[in-house]
2 protein chains.
Amino acid sequence: MDTREIAQVRRFNRVVTQAVGALDQSYLERGRPLGEARLLFEIGADGAEARALRARLGLDAGYLSRLLRSLEAQGLIEVVPGRPDARRRRASATTTGRAEIAAYDALSDRLAASLLAPLDPARRARLVAAMGEVERLLSAAAVEIAPEPPASAEAQWCLGSYFRELADRFEGGFDPAADRSAPAADLAPPNGLFILARLGGEPVGCGALKRIDDATGEIKRVWTAPPARGLGLARRILDRLEAEAGRMGFAVLRLDTNKALTEAHALYLKAGYREIGRFNDNPYAHRWFEKRLAG
Amino acid sequence: MDTREIAQVRRFNRVVTQAVGALDQSYLERGRPLGEARLLFEIGADGAEARALRARLGLDAGYLSRLLRSLEAQGLIEVVPGRPDARRRRASATTTGRAEIAAYDALSDRLAASLLAPLDPARRARLVAAMGEVERLLSAAAVEIAPEPPASAEAQWCLGSYFRELADRFEGGFDPAADRSAPAADLAPPNGLFILARLGGEPVGCGALKRIDDATGEIKRVWTAPPARGLGLARRILDRLEAEAGRMGFAVLRLDTNKALTEAHALYLKAGYREIGRFNDNPYAHRWFEKRLAG
DNA sequence: TCCATTCTCTGACTTTAGTCAGATTCTTTG
DNA sequence: CAAAGAATCTGACTAAAGTCAGAGAATGGA
C-alpha cells in the first residue's frame, strides 16, 4: 500500500482521536463513569436486550450484569426477563432514565456543534461532506464477509429481503416457491456455500455457491442491502465467492440473471464474466454468464 | 446550527471511534499498558521535556513521573535534568527504546493499512482524500485564539516569522528596525492588544491592535503560519480583533498594507473595509483601509 | 543571601475497567 | 421428564488509571 496513503490515515487518526476523544471525556460531566454512561446511552429510549448490549459494546457478561445493576440502583433502568425467552433479559429506561439519556443526547449535540462552530459556513459544509464520505467508506471497509449456515436467522433475513426485492423488480413478479433452483441444503457444504456480509454484527448482504458438477459451480443469491449499496460490496462478495469456489475445486463458474437487474449485468461483465447461452431452465432468467477461474 | 450537520458529525464520531478505537487497543499487543505505550510513542526518537509530555497527554505530574520511572526501569528511556533549567527534566529514548518506538510505529502503519485494505483502489483514494479534508478542517476548527503578551517567546516567534516573510515579499525588502510603527509596548493593554492563534499549543498565527486615538484603533501584524493557510484563520483573527476593539471602545479601525500582499487586500475588502487615503507615514504602506464598527 | 516560585518526585490513596470460575435460572431436545 | 445447553448473575479477584498532599531540588528576583 502507498506510504503516502498510510501517512494520511495516521495523521487523520491523530487529529480525530483528539477531537472525538474530548467528546468522550465530556460524558464524565454528568458524574457517571464512562462505561455506565455508554451503556445507558446504548440502551436508549427503546430499551435493548442484554445480549445485544454485550455484542455492541464488547463487554464481559459478568461486567455487563454489574453495570446494569448499578444503573438499576440509580433508578435509570429496569431489567426484566424477556419474552418469549426469559433468559434473555431486557433492559429499558425508566422515566428518569429517559431524561438522563436525553441529557447525554443534548451533550453530544452540543459537542458536535462545538466542533463545527469555529468554521465559516462554507468550510463547515465541506467538513460535514468529507465526514459523510469518511463515515460511509470506513463503514464499507468495516464490513466482514464470512461463511454462514444458509438456515440461520440472518441468512434467512437476507434471502427474504432479496426475494421481496426480486418480486418488486421482476416484470412478472417473483415467487420464491416457484424457484426450486437453490434449496438451502444445496447452498451448504459439501455441495455449496453461503456467505454473509456483516456490518457491526448486522447482516448487510449475502451470496452463495452451488455445485453443478465437479468442475462447475453456480453463483446464486448475490445481494446487498439497500443502505449498503454503492460501496463495492457486491464486488467483494463476488470476489470472495470466487476464492471459495477455487478452494472447492471448481474451475468454472456460471450464473444467470433477470433482465431487470441491470446493475448486476454491469458487475458480472466488469468482473470478467462472458455471456453464454442458456444453461438451465430457470423461468426467471434472461441472460447467462460464465467465467473460467484462474489458477 | 443545522440539525442535519450535527447528525452527520455524530454518525461520523460513532463510526470513527469504532475504527480508530480498535487501532488503539492494538497497542496493547506489545504487552505494555496503553498509558505507557502512548507516552513512549510521544517521547519519540528525539526525546521530549516532561513538561511538554504532560501538556500534550494531559497527565497529572505525579502520574507522569511514575510512568517515566516505569519506562526507565524497562530500559527504554533515560530521564536527565534539562539545560539550562535543571528542573525541566528531559526524557529521551535509549537504543532499546528507539527500537520499541519503531515497533509501535510499524504497528500503526499496519493498522492504518488494514483500514484501507478491504477497499478497491478508487474508493481507497476517495477515503484518503476525504480523510485529508477532515483532518485539515478539524485542525482549523481546533485553533484557539487568545490574547497574549507581545513580549512572550511565542509572540516573538510569530512576529519574527512575519517580518522574515515581509522581507521576502516586499519589493525593496523589509527592515524591522525601520518599522517603528508598533513597538511591543503599544500592542499591550491599555493601549493595544496582541492575540495569538494556537493549534495544539503551537503558535500558528497572530494579530494586534494599536491605539490611534480614543475612538480609533489600528490593525497590525495579522499573520498566518504557512502550513495553516487556506483555513480561514486570518479572517478569524480579524474578527476577533474587531470584537476586542469594540470592547476597548474603538468605533473605527484602520490599517495599511503593502501592494505585495494581495491576499490581504482581498481579505480586508471582504471583511467590509473600504479604501481611504494615506493616514500615516509608514514607508512600507501602499494602501490604507478603514472600517466603522457596528454597535 | 533569602524567599517565593516552579517543577518534579514519592507515598498513600480511590475509582474504573475488566477477568474468571462457578452458581442459578430458564429453554430446548431427545 | 431428564439432560444438555444458553443466558445471566455473583463473588473474588487484578491491573490500569488517575488523584492529592506534601517533600525536595533548582531557579529567579528582591
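Two strands pair if DSSP finds at least two bridges between them. Strands here are DSSP runs of E with at least two residues, helices are runs of H or I with at least four, and both are numbered from the N terminus. In that sense B:V80 stands opposite B:R90 in strand 3 of chain B.

This is a predicted model, in which local features need pLDDT of at least 70, side-chain atom pairs count only at pLDDT 80 or more, and totals for chains, interfaces and linings use all residues. Residues are numbered from 1 along each chain as its sequence is written, chains are lettered from A and ligands numbered from 1 in the order in which they are written, and side-chain values use heavy atoms, with hydrogens and water left out.

**Sheets of chain B**

The pair B:V80 and B:R90 belongs to a wider arrangement. Strand 2 of chain B and strand 3 (residues 90-93) of chain B run antiparallel and are joined by four bridges. They are part of an open sheet of three strands in chain B, with order 1-3-2 and antiparallel pairing. Strand 1 (48-49) and strand 2 (77-80) of chain B stand at the edges with a single partner strand each, so one side of each has no neighbour in the sheet.

Further along the chain come two hairpins. Strand 5 (residues 192-199) of chain B pairs with strand 6 (residues 202-213) of chain B in the antiparallel sense, over eight bridges. Here B:I195 stands opposite B:G207. The hairpin of strands 5 and 6 of chain B has two residues between the strands, and B:G200 takes a positive phi near 55°. Strand 6 of chain B also pairs with strand 7 (residues 216-224) of chain B, again antiparallel, over seven bridges. In this pairing B:K210 stands opposite B:E218 in strand 7. Two residues make the connection in the hairpin from strand 6 to strand 7 of chain B.

**The interface of chains A and B**

The size of an interface is often given as the accessible area lost when the parts come together. Chain B and chain A bury about 4800 Å² between them, 69% of it on carbon and sulfur atoms. Buried area is the accessible area (1.4 Å probe) that two parts lose on being put together, summed over both. In terms of contact (heavy atoms within 4.5 Å), 50 residues of chain B meet 50 residues of chain A.

The rule finds 10 salt bridges across this interface. A salt bridge needs a side-chain nitrogen of Lys or Arg within 4 Å of a carboxyl oxygen of Asp or Glu. One joins the side chains of B:R10 and A:D105, at 3.1 Å from N to O. There are 13 residue pairs in polar contact between the chains, both residues at pLDDT 80 or more. A polar contact is a pair of N or O atoms within 3.5 Å; within protein, one must be able to donate a hydrogen and the other to accept it, and residues adjacent in sequence count only if both atoms are side-chain atoms.

On the chain B side, helix 1 (3-25), helix 2 (34-43), helix 5 (95-116) and helix 6 (121-142) each give two or more residues. Helix 6 of chain B gives the most, with 17 residues. By class, this side has 28 nonpolar, nine polar and 13 charged residues. Ala, Val, Leu, Ile, Met, Phe, Trp, Tyr, Cys and Pro count as nonpolar, Asp, Glu, Lys and Arg as charged, and the others, Gly among them, as polar.

**The DNA strands**

A residue is near a strand if one of its heavy atoms lies within 4 Å of it. DNA strand C is surrounded by 20 residues, the closest being A:Y63, A:R87, B:R66, B:R87 and B:R89. Sugar and phosphate make up 70% of the strand C atoms that come within 4 Å of the protein. Helix 4 of chain B supplies the largest share of the surface near strand C, four residues. That surface divides into six nonpolar, three polar and 11 charged residues.

DNA strand D is also surrounded by 20 residues; the closest are A:R66, A:R87, A:R88, A:R89 and B:Y63. For strand D, sugar and phosphate account for 66% of the atoms within 4 Å of the protein. Helix 4 of chain A gives the most to the surface near strand D, with four residues.

Individual contacts to the DNA include these.

| Residue and its atom | DNA atom | Distance |
|---|---|---|
| A:A86, polar backbone atom | strand C, phosphate oxygen | 3.1 Å |
| B:R51, polar backbone atom | strand C, phosphate oxygen | 3.3 Å |
| B:R89, side-chain N or O atom | strand C, phosphate oxygen | 2.6 Å |
| A:R51, backbone N or O atom | strand D, phosphate oxygen | 3.2 Å |
| A:R66, polar side-chain atom | strand D, base oxygen | 2.6 Å |
| A:R69, side-chain N or O atom | strand D, phosphate oxygen | 3.1 Å |
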